[in-house]
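Work through the exercises below with the predicted model in view. Each task sentence is followed by a solution that goes step by step.

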Amino acid sequence: MVQFKNRYIVMEVFIDPNKDLGGTEPIVISQFNLTKAIKDSILLNFGECGLALSLRSFQVKYVNPVTKVCVIRTSRDDHEKIWAAITMVRSIGKCPITFNLLDLSGCIRACKAAALKCDEAKFETYKLASGGSVKAEITHTVESCFEKLKNLES
């Protein structure tokens, strides 16, 4: 019997600071937004057949909307195609973004460790940048995301 093997990609989302929002509403990075943007990129660059083949195991497992770190699961056979499609994503909605690969792993434990380490470091930087006055709702959101990441299983 052959075991189905996955790859886990830890990515960091950068929002372009020089863009003109045109409004005061904040940009929220969510699992739905990322999934839609990546699927659209796969469809555009690899066609319907490439999208259908990659969807059997593609899933955005975790997104932290404050630190903008995400974990994506894909099959071992398709991880290069998914990675290429992710690097070709240039916007979510009307917000220009870029992705940075933090870790590529074959097991969820190593992926969780890398994502948690980066998440904690980015949140400390966020707290320092805000002068130590972080709203309670943001702290609660980040702590719930940390718990979700620690409990993440395949």
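**Exercise 1. Place Lys36 in its element, state whether Lys36 is buried, exposed or partly exposed, and relate it in space to Gly93.**

Step 1: Lys36 is found in helix 1, where helices (H or I, at least four residues) and strands (E, at least two) are DSSP runs, numbered from the N terminus.
Step 2: The relative accessible area of Lys36 is 44%, so this residue is partly exposed; buried means under 20% relative accessible area, exposed over 50%, and partly exposed in between, with a 1.4 Å probe and protein chains only.
Step 3: Although 57 residues separate Lys36 from Gly93 in sequence, their C-alpha atoms are 9.8 Å apart in space.

For this and the later exercises, residues are numbered from 1 along each chain as its sequence is written, and side-chain values use heavy atoms, with hydrogens and water left out. Since the model is predicted, local features need pLDDT of at least 70 and side-chain atom pairs count only at pLDDT 80 or more, while totals for chains, interfaces and linings use all residues.

**Exercise 2. Describe how the axes of helix 1 and helix 2 are arranged, and list the residues that meet between them.**

Step 1: Two packed helices are described by the angle between their axes and the distance between the axes.
Step 2: For helix 1 and helix 2 the axes come within 8 Å and cross at roughly 160 degrees. That crossing makes helix 1 roughly antiparallel to helix 2. The axes are lines fitted to C-alpha atoms, for helices over the stretch in contact, and the angles run from 0 to 180 degrees between N-to-C directions; those under 35 degrees count as roughly parallel, over 145 as roughly antiparallel, 65 to 115 as roughly perpendicular and the rest as oblique.
Step 3: On the helix 1 side, Ile38, Ser41, Ile42, Phe46, Gly50, Leu53 and Ser54 meet Lys81, Ile82, Ala84, Ala85 and Ile86 of helix 2, contact meaning heavy atoms within 4.5 Å.

**Exercise 3. Which residues of helix 2 are buried, how are they distributed about its axis, and what covers them?**

Step 1: Helix 2 (residues 79–87) has His79, Lys81, Ile82, Ala85 and Ile86 buried.
Step 2: Viewed down the axis of helix 2, these buried residues fall within an arc of 160 degrees, so they line one face of the helix; the arc is that of the directions from the helix axis to the C-beta atoms.
Step 3: The cover over the buried residues of helix 2 includes strand 1 (6–15), helix 1 (31–54), strand 3 (69–75) and strand 5 (95–105).
Step 4: His79, taken as one of these residues, has a relative accessible area of 13%. Leaving aside residues up to four places away in sequence, His79 touches Arg7, Ile9, Thr74 and Leu104.

**Exercise 4. Find the aromatic pairs, classify their geometry, and follow the contacts of Phe123.**

Step 1: Searching the whole structure gives 2 aromatic pairs. In the pair of Phe123 and Tyr126, the ring centres are 6.2 Å apart and the planes stand at 15 degrees, so the pair is stacked. Rings of Phe, Tyr and Trp (its six-membered ring) pair if their centres lie within 6.5 Å, and planes under 30 degrees apart count as stacked, over 60 as edge-to-face and the rest as tilted.
Step 2: Both residues lie in helix 3 (residues 108–129), and Phe123 and Tyr126 are 3 residues apart, about one turn of the helix. Phe123 and Phe146 form an edge-to-face pair, with 6.4 Å centre to centre and 90 degrees between the planes.
Step 3: Since Phe123 lies in helix 3 and Phe146 in helix 4 (residues 136–150), this pair ties together parts that are 23 residues apart in sequence.
Step 4: Phe123, at 7% relative accessibility, counts as buried, and Phe146 is likewise buried at 13%, whereas Tyr126, at 33%, counts as partly exposed.
Step 5: Taken together, ring pairs link Phe123, Tyr126 and Phe146 into a cluster.

**Exercise 5. Describe how helix 3 and helix 4 pack, and locate Leu116 at their contact.**

Step 1: Helix 3 and helix 4 pack at an angle of about 170 degrees, their axes being 10 Å apart. This makes helix 3 roughly antiparallel to helix 4.
Step 2: In helix 3, Lys112, Ala115, Leu116, Asp119, Glu120, Phe123 and Tyr126 meet Ile138, Thr139, Val142, Phe146, Leu149 and Lys150 in helix 4.
Step 3: Leu116 counts as buried at 18% relative accessibility, and, not counting residues up to four places away in sequence, Leu116 touches Phe146, Leu149 and Lys150.
Step 4: The C-alpha atoms of Leu116 and Phe146 are separated by 7.1 Å, with their positions 30 residues apart along the chain.
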